[in-house]
Amino acid sequence: MFHEFIYKLKQKFNMPERPIEEFCTRCQASLPMQKGYSNDLPYWVCKGCGQVLINESLDIDDEMVWICDECGAFLSAQPGFTTDCGNWACKECGFINKIDESETYASEDEFQASLSNPYKGLTDPEVIELSEYEEIGELGSKHNVFLVKEYETGKKYVKKYLKDYDLSVYRYLYDHPVKNMPKIEKIYEGTNNLVIIEEYVDGETLEEVIHERGMLLNQRTAMNVAIDVLQILAELHSLERPIIHRDVKPANVILSYDGKIYLLDMNVAKWYKEEEIQDTKLFATQYYAAPEQFGYGFSASSEKTDIYAVGVLLNEMITGCIPKEAKAEGPVWDIIEKSISLEPNDRYTAYEMILALGELVLKEQ
C-alpha cells in the first residue's frame, strides 16, 4: 500500500495586533516590494523574516494560523472554522485537514525545515538507532542514497531515503530475503519518507562498466549475466502474488568483486494485480521501460514488463547501445527481439528466457 505523504501546513506564530501595512511589523521590510504581495490578501508571510501578518478585516481571535494542506487556502478565515473541530473540510478544495495543535510550527523557517527533515515522524528510539550509522558519502549519482558505516562494528551498509515506495513490498523482502538482492536490515517509516538500511554490495554496476569505463561484455558473458538477473526475477515472479521490479537497467545491476550478480533497487517495485488495466502510478526509465509502463496497451505492468527491460539490458551489454541504435548480431538477437515485443504476451517468461539463453550458451561453448 502506497504511503500517502501529508505535509502539515499548520504554523504557530506570535501574531501582531496591527493589520497588513506597507512594512513588516517585525523586520520593517517593505511589503509591496515582495513578490506576490497584495494588501487584500487575508495574510502574508514576510519574505524577510517569516513573520505572519494578518489582515485586520478578518475576525480572528485564535493564536494559530491554519492553512489547507492541499491547496494552501487560509482555513482560519473560512466560515465556521474552529480549532476544536478535529477535522476540517477546506471550503475551497474540499480536502479534509487534520486540526491538531500538537503539530504546529513557531515560524515559517521551522516549517520549511520540517519538510526536509528525513527523520520527521520517527520515534526517539528509531532516531537513536539511525544515529548508530555514520554517513561516509553519497553512492554514485543516486540521490538520497548513502554509504554508511556502523560505529560499533565498522561494517558498511547502504542508507536510502525514499519518497515513493510500496511499504508492503519492503516488509515482505525484509521477512523473505531474495538471493542476490541486497538484504534489507532495517525499515523506518516517518512522515516525510521511508528510511531503509540494507546490505552493501561492493562492486561495479553495469552502468559503470559499460558507459564509464567503456567496456563491453562478450556475448557469452553477457548472456550469463542476463541469466543471473532472470533467476532473481524468476523468484520474484513466482511468488503467490508476484512482485514486479519495474526498473531493471544497467545502474541497478551490480557485478560484485566476489564474482556474483546482484539486482538492486526495489524503489518502484509493485505487486502484480491481474485485474489492473493500467498502473496506478506510471513509472518509466527511458529505453528500458516496456510500453505498458507509459500507459500504452491494455494491461498494467506484469512479469513480462521486467523481461522487456532484460532484453534491452542484454543488447546493451553486447553492443553498448539500446536495440534501436544497434542490434546484437547472431542468434542472440532473436532472443532479444522476442523479449522486447510490444505485446507483453509475445515475450518470454523469466524461465523461458533462461532456457533460451542457456541453450545458446551451450551451443557457443
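## The five-stranded sheet

In this predicted model, strand E7 and strand E8 (residues 145–150) run antiparallel and are joined by five bridges, with Gly137 standing opposite Leu147 in E8. These two strands belong to an open sheet of five strands, which has the order E7-E8-E9-E11-E10 and antiparallel pairing. The edges of the sheet are formed by strand E7 (133–138) and E10, each of which pairs on one side only, and from one strand to the next the twist averages 25°.

## Strand E11 and its partners

Strand E11 (residues 194–199) is mostly covered, since five of its six residues are buried. On one pairing, strand E9 (residues 156–162) meets E11 in the antiparallel sense over six bridges, and here Val158 stands opposite Glu198 in E11. Another pairing links E11 to strand E10 (residues 184–189), again antiparallel, through five bridges, and Ile187 has Ile196 of E11 as its bridge partner. E10 and E11 are also connected as a hairpin through four residues.

A helix accompanies this part of the sheet: helix H3 (residues 167–175) lies across E9, E10 and E11, and H3 runs at about 150° to E10.

## Strand E14, its hairpin and two positive phi angles

Strand E14 (253–256) has buried residues pointing both ways, with Val253 and Leu255 directed to one side and Ile254 and Ser256 to the other. E14 is joined to strand E12 (residues 203–205) by three bridges in an antiparallel arrangement, in which the bridge partner of Gly203 is Ser256. E14 also pairs with E15 in the antiparallel sense, over three bridges, and in that pairing Val253 stands opposite Leu263 in E15. The hairpin formed by E14 and E15 has four residues between the strands, and Gly259 in the turn has a positive phi of about 85°.

Positive phi values are also found in two residues that are not glycine. Arg246, with a positive phi of about 75°, lies in the loop between strand E13 (243–244) and strand E14 (253–256), and Arg246 is buried, with a relative accessible area of 6%. Asp265, whose phi is near 60°, lies in the loop between strand E15 (261–263) and strand E16 (270–271); Asp265 is likewise buried, with a relative accessible area of 12%. Both residues count as buried because their relative accessible areas, 6% for Arg246 and 12% for Asp265, fall under the 20% cut-off.

## Helix H5 and the nonpolar cores

Helix H5 (residues 219–237) has 19 residues and spans 26 Å from its first C-alpha to its last, which is close to the 27 Å expected at 1.5 Å a residue. The buried residues of H5 are Ala222, Met223, Val225, Ala226, Ile227, Val229, Leu230, Ile232, Leu233, Ala234, Leu236 and His237.

The largest nonpolar core has 63 residues, and those with the most contacts inside it are Tyr170, Ile243, Met266, Leu314, Met317, Met353 and Leu357. H5 gives the most to this core, contributing 11 residues. Leu314 illustrates how parts of the chain meet: when its neighbours within four places in sequence are left aside, Leu314 is in contact with Ala222, Met223, Ala226, Val332, Ile336, Met353 and Leu357. Among these partners of Leu314, Ala222, Met223 and Ala226 are buried residues of H5, while Met353 and Leu357 are themselves listed with the most contacts inside the core. A second, separate core has 10 residues, including Leu130, Val148, Tyr161 and Ile197.

## Cysteines

How many disulfides does the model contain? The count comes to zero, because no pair of cysteine sulfur atoms lies within the 2.5 Å that a disulfide requires. Two cysteines can be described by their surroundings: Cys85 is partly exposed, with a relative accessible area of 28%, and Cys321 is also partly exposed, with a relative accessible area of 23%.

Key
Residues numbered from 1 in each chain as written. Predicted model: local features only at pLDDT ≥ 70, side-chain atom pairs only at ≥ 80, totals over all residues. Heavy atoms only, no water. Expected span 1.5 Å × (residues − 1). Buried < 20%, exposed > 50% of the residue type's maximum accessible area, 1.4 Å probe, protein only. Core = buried A, V, L, I, M, F, W, Y, C linked by side-chain atoms within 4.5 Å. Contact = heavy atoms within 4.5 Å. Pairing = 2+ DSSP bridges. Axes fitted to C-alpha atoms, helices over the stretch in contact; angles between N-to-C directions.
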